[in-house]
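Colleague: Please take a close look at the loop backbone in this model. Once that is done, carry on to whatever you can say about strands, ligand surroundings and enclosed space.

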Amino acid sequence: MAKASKAFVCQACGAVSARWSGKCAACGEWNSIIEETAAPSGPPALVAIRGGKGRAASFEGLGTETRDAPRLPTGMAEFDRVLGGGLVPGSAVLVGGDPGIGKSTLLLQAAAALATSGAPVIYLSGEEAPAQVRMRAARLGLSQAPVALGTETNLANIIATLSKAKAPALIVIDSVQTLWSEGLEAAPGTISQLRGCASALVSYAKASGSTLVLVGHVTKDGQIAGPKVIEHVVDTVLYFEGQSGHQFRILRAVKNRFGPTDEIGVFEMRYEGLQQVENPSALFLSDRDQGAPGTAVFAGMEGTRPILVEIQALVAPSLLSMPRRAVVGWDPNRLAMLIAVLEARCGTRLGAQDVYLNVAGGLKLGDPAADLAAAAALLSSFTGRPAPEDTVYFGEVSLTGAVRAVGHMDQRLKEATKLGFTRGVVPAACVPDRQLQEIRLMPLSQLSDLVAWFGPPERD
Ligand code: TYD
Ligand code: MG
């Protein structure tokens with residue numbers, strides 16, 4: 001048998017190095033390198049050749065069977081939407097997120113909904129005692145749901161338990177970082193344990209047809225390995241995000257072998273659990289500061305769904321030699337680019353100003369069409385003139401200062417009309433020949449047109 005070798009593995013990115021160091025050379029994380037024992041085997045190919053074992057693999061054509069993957073809806077519509085229509089039997093889903101964001105609550109609710117519809121469900125909680133989970137279930141009003149609750153964290157025991165009975169429809173492991181296997185000579189929570197246990201359970205799910213849901217904590221300090229290192233093992237990766245202090249939670253697909261990855265599910269964390277939000281725009285716009293300068297409403301798209309959200313900006317003279325730029329919910333590089341375009345192409349002097357930008361409600365915007373709305377919020381704060389309350393904005397801004405066309409114009413405007421907006425500031429290239437619905441359009445071809453529309457800064 002080959003000798004077990006030692007290796008130093010970064011718990012944040014999985015990079016392996018020969019000696020310990022304080023900072024990982026691959027990802028730049030500090031204090032994330034831990035000594036682990038690599039499995040005592042050579043490369044599998046060599047083992048197979050030496051041992052003369054292995055059997056001929058069979059092949060299939062691409063066109064043999066073209067059925068859609070069967071779906072098992074959990075009954076939580078927002079969760080099913082992000083999954084692409086429900087759980088796929090035999091697949092593995094990873095749900096990542098910061099500690100305390102509501103992963104256990106979400107999965108207990110989904111597990112209970114599925115169990116109530118008659119499907120056998122197992123929920124293994126390695127982090128909380130059964131009494132704690134029961135208390136949460138009581139708070140959520142789910143005590144009667146026929147979920148089989150356990151606290152096992154040993155991989156061999158879990159597999160043995162699962163193999164004894166008929167395979168359940170759904171297995172939830174909360175969290176994957178508490179799992180451990182005696183066969184792996186590393187501490188629980190390390191990369192070797194995480195990868196080994198996750199792939200064993202994924203193989204079980206594939207073979208048995210159960211759906212496996214793994215909960216993974218996102219960690220900042222690297223003491224336990226983060227869920228990133230098992231993203232390649234599973235079929236679907238969902239992240240549950242939100243800002244602390246905000247009650248909105250957003251479930252986002254970042255990888256999905258069975259559905260789209262740009263869909264989001266919106267929830268509200270209440271005392272009695274997560275509530276699904278069917279009309280996110282109304283919620284995101286519910287507490288607008290109307291009439292104050294520095295806000296603009298963006299008509300965005302998240303996946304197939306239009307979502308209206310308020311963008312807030314504060315532009316104020318800076319006392320620092322390097323003015324501050326801070327942004328929540330948007331890409332800081334995108335903000336830097338927009339400020340540069342406003343300076344260079346439109347003559348708006350933001351160089352000596354602190355600039356803060358915030359997307360209300362804790363949403364993270366990925367849609368490039370947010371440029372125009374962000375520019376409107378910045379200009380409104382800079383000039384001291386409130387943007388008209390009944391107006392929505394969308395459009396992409398290029399480095400030349402041109403306003404570029406974006407997709408889904410009709411859907412964005414329809415959502416805006418539904419919420420009572422009467423005017424849209426949009427890319428000129430988007431405006432069709434026919435005049436649209438009840439909304440008045442103001443087509444822009446250059447960002448400087450928007451600057452002119454706001455006028456020069458008000459003096460006081
Ligand atoms: P939890 O699901 O335990 O988070 P995670 O598993 O991601 O660590 O949820 C933690 C927070 O949610 C906790 O701080 C309290 C809050 N919460 C509610 O506001 N309402 C509820 O009904 C529940 C169960 C939790
Ligand atoms: Mg939890």
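Modeller: His408 sits in the loop that runs between β19 (403-404) and α10 (409-418). What is the phi of His408? It is positive, at about 60°, even though His408 is not a glycine. Keep in mind throughout that this is a predicted model.

Asn31 is another residue to check by eye. Its phi is near 55°, again a positive value in a residue other than glycine. Asn31 belongs to the loop between β2 and β3. A further backbone feature is the peptide bond from Asp174 to Ser175, which is cis, with omega near -5°. Ser175 is part of the loop between β7 (170-174) and α6 (191-208).

The loop that holds Asn31 leads on to a sheet, as it connects β2 with β3. In what order do the strands of that sheet lie? Three strands make up an open sheet in the order β2-β1-β3, with antiparallel pairing. At the edges are β2 (16-17) and β3 (33-37), each of which pairs on one side only. Strand β1, residues 6-10, is joined to β3 over five bridges in the antiparallel sense. To find the register on the screen, start from Cys10: its bridge partner in β3 is Ile33. One point helps when reading side chains there: in a regular strand they alternate between the two faces of the sheet.

A second strand pair is found further along the chain. Strand β11 and strand β12 (residues 273-276) run antiparallel and are joined by four bridges. How many residues does the hairpin between β11 and β12 run through? The hairpin joins the two strands through two residues. Within this pair, Glu268 stands opposite Gln275 of β12.

Strand β11 (264-270) also takes us to the ligand, since it supplies at least two residues of the shell around ligand 1, as do α3 (103-116) and α4 (130-139). The most comes from α3, which gives three residues. The shell as a whole has 17 residues, and the closest to ligand 1 are Gly100, Ser104, Thr105, Arg136 and Arg270. By class, the shell consists of five nonpolar, six polar and six charged residues.

Which backbone atoms come up against the ligand? A polar backbone atom of Tyr271 is 2.7 Å from an oxygen atom of ligand 1. For Lys103, the distance from a backbone N or O atom to a ligand oxygen is 2.8 Å. Gly273 likewise places a backbone N or O atom 2.8 Å from an oxygen atom of ligand 1. How much of ligand 1 does the protein cover? Taken on its own, ligand 1 has 560 Å² of accessible area, and the protein covers 75% of that.

That leaves the enclosed space. Counting cavities of 30 Å³ or more, there are two. The largest of them holds about 70 Å³ of space. Its lining comes to 14 residues, and those closest to the centre are Arg288, Thr295, Ala387, Pro388 and Glu389. Both β13 (295-302) and β17 (391-393) contribute at least two residues each to this lining. The most comes from β13, with three residues. Sorted by class, the lining of the largest cavity has six nonpolar, four polar and four charged residues.

The second largest cavity has a volume of about 30 Å³. What lines it? Arg71, Leu83, Gly86, Leu87, Val88, Ser91, Val93, Thr236, Asn256 and Phe258 do. Five of these lining residues are nonpolar, four are polar and one is charged.

To come back to your request, the loop residues to inspect are Asn31, with phi near 55°, and His408, with phi of about 60°. Add to them the cis peptide bond that leads from Asp174 into Ser175.

Notes: Residues are numbered from 1 along each chain as its sequence is written. Chains are lettered from A and ligands numbered from 1 in the order in which they are written. This is a predicted model: local features need pLDDT of at least 70, side-chain atom pairs count only at pLDDT 80 or more; totals for chains, interfaces and linings use all residues. Side-chain values use heavy atoms; hydrogens and water are left out. On a 1 Å grid over the protein atoms alone, a cavity is a set of points where a 1.4 Å probe fits but cannot get out, and a pocket is an open set with protein on both sides within 12 Å along at least five of seven lines; lining residues have an atom within 4 Å of a point. Grid points are joined across faces, edges and corners, and a volume is the space filled by probe spheres set on the points. Ala, Val, Leu, Ile, Met, Phe, Trp, Tyr, Cys and Pro count as nonpolar, Asp, Glu, Lys and Arg as charged, and the others, Gly among them, as polar. A residue is near a molecule or strand if one of its heavy atoms lies within 4 Å of it. A polar contact is a pair of N or O atoms within 3.5 Å; within protein, one must be able to donate a hydrogen and the other to accept it, and residues adjacent in sequence count only if both atoms are side-chain atoms. Accessible areas come from the Shrake-Rupley method with a 1.4 Å probe; for residues, only the protein chains shown count as cover. Two strands pair if DSSP finds at least two bridges between them.
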